[in-house]
Amino acid sequence: MNICMIGAGYVGLVTGTCLAESGNEVRCVDIDKRKISLLKKGKTPIYEPGLELLLARNIKEKRLIFASDLARSVKDSLIIFIAVGTPPRDDGSSDLSQVYDVARKIARAMNGYKIVVTKSTVPVGTAEEVRSIIAGETRHPFAVASNPEFLKEGAAIDDFMKPDRIILGVEDPHVEEVLNELYAPFVRTGNPVLTMNIRSAEMTKYAANAMLATRISFMNEMANLCEAAGADVNAVRAGIGSDPRIGPSFLFPGIGYGGSCFPKDVQAMIKTAEKHHHPLLILPSVEAVNRKQKGILAQKALKRFKGNLKGKIIALWGLSFKPNTDDMREAPSITIVNALLKQGATVRAYDPVAMPGARNAFGTKIQYGKDNYSILKDADALMLLTEWNEFRRPNFERMLLLMKTPVIFDGRNIYSPRKLKEMGFEYYGIGC
Ligand SMILES: NC(=O)c1ccc[n+]([C@@H]2O[C@H](COP(=O)([O-])OP(=O)(O)OC[C@H]3O[C@@H](n4cnc5c(N)ncnc54)[C@H](O)[C@@H]3O)[C@@H](O)[C@H]2O)c1
C-alpha cells in the first residue's frame with residue numbers, strides 16, 4: 001500500500017518505518033528540514049533501540065522515503081496518517097493546531113480518494129473536525145478514521161511489530177477492510193484488532209493513559225503512606241501485584257510519571273470532561289499526587305541536609321523520563337534539578353543518551369559528566385533518577401571511595417536498602 005506519514009517524530013518515524021518493513025511504500029513527511037535531512041542519510045534524530053537498523057534497510061530497499069513536500073507525498077498515497085504533536089495548551093487542553101493545519105494541507109493536495117487516519121492522540125470529536133476541515137477545502141472523496149498509537153518509547157519497535165491490540169475507529173466498511181489488511185502482518189499471533197466508532201477509539205487512548213497514570217499515582221501515594229506508617233512499599237507492591245485482579249505492571253513507586261504522554265493526556269482528559277459538563281473526580285487527584293511526587297527527592301535531600309543544600313554537590317544518575325529513551329519531555333529530573341538549584345546545590349548529571357536534551361533543558365546551570373562515576377567525586381549525595389540498566393549493579397566500593405558522604409536517594413527503588421546500609425551507605429528510597 002502507498003502510505004503517507006505526516007510527522008516523523010517518536011510515533012510517526014517508528015510507525016512509518018515499521019509499516020515499510022512489512023512491505024508498504026511509505027513517505028514520511030516533516031516540516032523540520034533538519035530532521036528530514038538527517039533521516040535521508042539514514043540517521044535517526046531520536047534514540048530508539050533497533051530503529052536505525054530498520055531505517056537503513058527500508059531506505060535501501062526504497063520502501064521508505066523522507067520528504068518535506070507534503071503535497072507530493074499526499075498525492076502519491078492512499079492512506080495518510082497524521083502523527084504530528086498535540087502538546088498541551090497553558091490551560092491543559094490539547095493544542096490541535098498542528099493536526100488541523102495538516103488536515104488543511106492534505107485537503108489542498110488531494111488528487112483522488114484518500115483515507116485520512118489520525119494517529120496523534122486527540123480528544124473526542126477531533127476526527128469530525130478534521131473531516132469538516134477537509135470537506136471545506138476539497139471536492140475529492142475521502143474517509144477519516146482514528147487509529148491511536150500505544151507504543152512505548154524505548155520499546156517502540158517491538159510494541160509496534162507485536163502490538164497487544166490495534167484500535168481502529170472507523171465508520172466505513174471499506175476503510176475497515178483496508179486498515180485490517182494493513183495491520184494483518186502485525187497481528188498474526190491472534191492479538192485483537194478492535195474496531196469501534198471513531199469517538200470511542202479517540203477516547204480509548206486517553207482512558208488507557210489515564211488508567212496507567214492512576215496506577216502510578218496510587219502506588220506513589222501508597223509508598224508515602226508506607227513510609228509514614230513504617231511499612232515497606234516494595235513488599236506491599238509484591239503482595240498486591242500477585243493478585244491477578246490487580247497484576248504487577250505499573251505498580252512501581254518512584255518520582256512521578258513524566259514523558260510526552262501521561263502528563264498531557266491526563267490534563268487533556270480533565271479538560272475534555274469539563275467541556276462535556278462532566279467534571280472528573282479521580283484524574284485531578286492523579287495529577288496532584290504526581291506533581292507532589294516529582295518534588296519528593298529534593299524534599300528528602302533537604303531534610304537529610306538539615307534544610308541547607310547550599311554548596312552541596314548532588315550527583316544525578318539518569319535524566320530522561322524513563323530508560324531507553326532520550327526523551328526529556330516532562331521528565332521528573334527537570335523538577336528535581338530546578339528544586340536543587342533553587343536551594344543552592346551544585347548539580348552534576350550523567351545520562352547514557354539524554355545529555356543533548358539535558359543541555360537544551362538546563363544549559364550551563366548544571367555540570368555534565370562523561371560517565372556515571374566521574375560525577376561522584378566529592379559528591380555529598382547521589383540521586384538515582386532513571387533506572388537505566390547500567391546503573392542497576394554499579395561498583396559500590398568505587399562509589400564509596402569517590403563520594404564525600406555516601407548518601408543515596410534511590411528514586412526508583414532499584415537498590416537493596418539492606419545491602420547498601422551494610423556497605424556503609426545512607427539509603428533513602430521511595431516508601432521504604
Ligand atoms: N511519544 C510517544 O510515546 C507517543 C505514544 C503514543 C501516542 N503519541 C502521540 O503521538 C503524537 C506525536 O507524538 P510524538 O511523540 O511523535 O511527537 P514529536 O514531537 O516527536 O513528533 C511530531 C512531529 O510532527 C512534526 N510536525 C509538526 N507539524 C507538522 C506539519 N505541519 N507537517 C509535517 N510535520 C509536522 C514535527 O516537526 C515533529 O517532528 C502526539 O499526539 C502524541 O500524544 C505519542
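Just after α9, G230 takes a positive phi of about 80°. This is a predicted model, and the helix that G230 follows, α9, runs over residues 198-229. Beyond that stretch, there are two more places to look at: the ligand with its shell of 26 residues, and the second largest pocket, at about 250 Å³.

**Helix α9 and what follows**
- Count along α9 and you get 32 residues.
- From first C-alpha to last, α9 reaches 47 Å, close to the 46 Å expected at 1.5 Å a residue.
- Right after the helix comes G230, with its phi on the positive side at about 80°.
- As a reminder for reading any such helix, there are 3.6 residues a turn, so residues three or four places apart point the same way.

**Who sits around the ligand**
- Of the 26 residues around the ligand, the ones that come nearest are D30, K35, T86, E153 and K264.
- Sorted by class, this shell has nine nonpolar, eight polar and nine charged residues.
- Helices α1 (10-21) and α5 (97-109) each put at least two residues into the shell.
- Which helix gives the most to the shell around the ligand? That's α5, with three residues.

**Polar contacts to the ligand**
- K264, one of the nearest residues, has a side-chain N or O atom 2.6 Å from an oxygen atom of the ligand.
- R329 also meets a ligand oxygen, with a polar side-chain atom 2.9 Å away.
- For S260, the partner is a nitrogen atom of the ligand, 3.4 Å from an N or O atom in the serine side chain.
- How much of the ligand does the protein bury? Taken alone the ligand exposes 820 Å², and 90% of that is buried by the protein.

**The second largest pocket**
- To find empty space like this, you roll a probe the size of a water molecule over the atoms and see what is left.
- The second largest pocket has a volume of about 250 Å³ and a lining of 14 residues.
- If you want to locate the pocket in the viewer, S94, L96, P123, V124 and K275 lie nearest its centre.
- Both α6 (126-135) and α11 (262-275) supply at least two residues of the lining.
- α11 gives the most to this lining, with four residues.
- By class, the lining has five nonpolar, five polar and four charged residues.

How values were computed:
Residues are numbered from 1 along each chain as its sequence is written. This is a predicted model: local features need pLDDT of at least 70, side-chain atom pairs count only at pLDDT 80 or more; totals for chains, interfaces and linings use all residues. Side-chain values use heavy atoms; hydrogens and water are left out. On a 1 Å grid over the protein atoms alone, a cavity is a set of points where a 1.4 Å probe fits but cannot get out, and a pocket is an open set with protein on both sides within 12 Å along at least five of seven lines; lining residues have an atom within 4 Å of a point. Grid points are joined across faces, edges and corners, and a volume is the space filled by probe spheres set on the points. Ala, Val, Leu, Ile, Met, Phe, Trp, Tyr, Cys and Pro count as nonpolar, Asp, Glu, Lys and Arg as charged, and the others, Gly among them, as polar. The expected span of a helix is 1.5 Å times one less than its number of residues. A residue is near a molecule or strand if one of its heavy atoms lies within 4 Å of it. A polar contact is a pair of N or O atoms within 3.5 Å; within protein, one must be able to donate a hydrogen and the other to accept it, and residues adjacent in sequence count only if both atoms are side-chain atoms. Accessible areas come from the Shrake-Rupley method with a 1.4 Å probe; for residues, only the protein chains shown count as cover.
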